[in-house]
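Got the viewer open? Let's take a short walk through this one, beginning with charges and ending on a single side chain.

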Amino acid sequence: MADCLFCKIVSGDIPSQKVYEDETVLAFRDINPQAPVHILVIPKAHIESAACVTPDNSALVAHCFEVIAQLGKELEGGFRVVSNCGPNAGQTVPHLHFHILGGAPLSLEMA
């Protein structure tokens, strides 16, 4: 999608601090971190949200979770994975993304 912020990051039109990239998934540091470690994991293909996961794209979503597991192994003590779905849930970019939060004990209020 031409006007999607994350699609522009995938294409390289907007820079990011990449921590992982392969043919189908990109992970980069959040510009407004909510924890000492705050990484976004996104599929390179545009999927609007978790509500748009289908049998046709679910393998890509599963691969996102494989990347999350790989990156999470580097976070001693654990991590949290969050995906907001829709504006009422706080989704501000309409491109499926998973927040990895860690690097310190996290409040249960955020869970």
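Start by colouring the charged side chains: the chain carries 6 positive and 12 negative ones, and the centres of the two sets sit 4 Å apart. Keep in mind as you click around that this is a predicted model.

Now switch on the surface. About 6,500 Å² of the chain is exposed, with carbon and sulfur atoms supplying 54% of that area. For the other side of the story, shade by burial: 38% of the 111 residues are buried.

Next, go to cartoon view and trace the chain from the N terminus. You'll pass elements in the order α-β-β-β-α-β-β, which comes to 2 helices and 5 strands.

Zoom out for the overall dimensions. The C-alpha atoms fill a box of roughly 35 × 30 × 25 Å along the principal axes. The radius of gyration is 13 Å, and a compact globule with 111 residues would come out near 13 Å, so the two agree. If you draw contacts between residues at least 6 apart in sequence, 54% of them join residues at least 24 apart.

Last stop: select helix 2, residues 58–72, and pick out Phe-65 inside it. Is Phe-65 buried or exposed? Neither, quite: its relative accessibility is 40%, so Phe-65 counts as partly exposed, given that buried means under 20% and exposed over 50%. Show its neighbours too. Leaving aside residues up to four places away in sequence, Phe-65 touches Val-81 and Phe-98. Finally, run a distance from Phe-65 to Ser-49: they are 16 residues apart in sequence and 15 Å apart in space, C-alpha to C-alpha.

Key
Residues numbered from 1 in each chain as written. Predicted model: local features only at pLDDT ≥ 70, side-chain atom pairs only at ≥ 80, totals over all residues. Heavy atoms only, no water. Helix = DSSP H or I, 4+ residues; strand = E, 2+ residues; numbered from the N terminus. Rg over C-alpha atoms; globule rule 2.2 N^0.38 Å. Buried < 20%, exposed > 50% of the residue type's maximum accessible area, 1.4 Å probe, protein only. Contact = heavy atoms within 4.5 Å. Areas by Shrake-Rupley, 256 points an atom, 1.4 Å probe, with all protein chains shown as cover. Lys, Arg positive; Asp, Glu negative; His and termini not counted. Charge placed at Lys NZ, Arg CZ, Asp CG, Glu CD.
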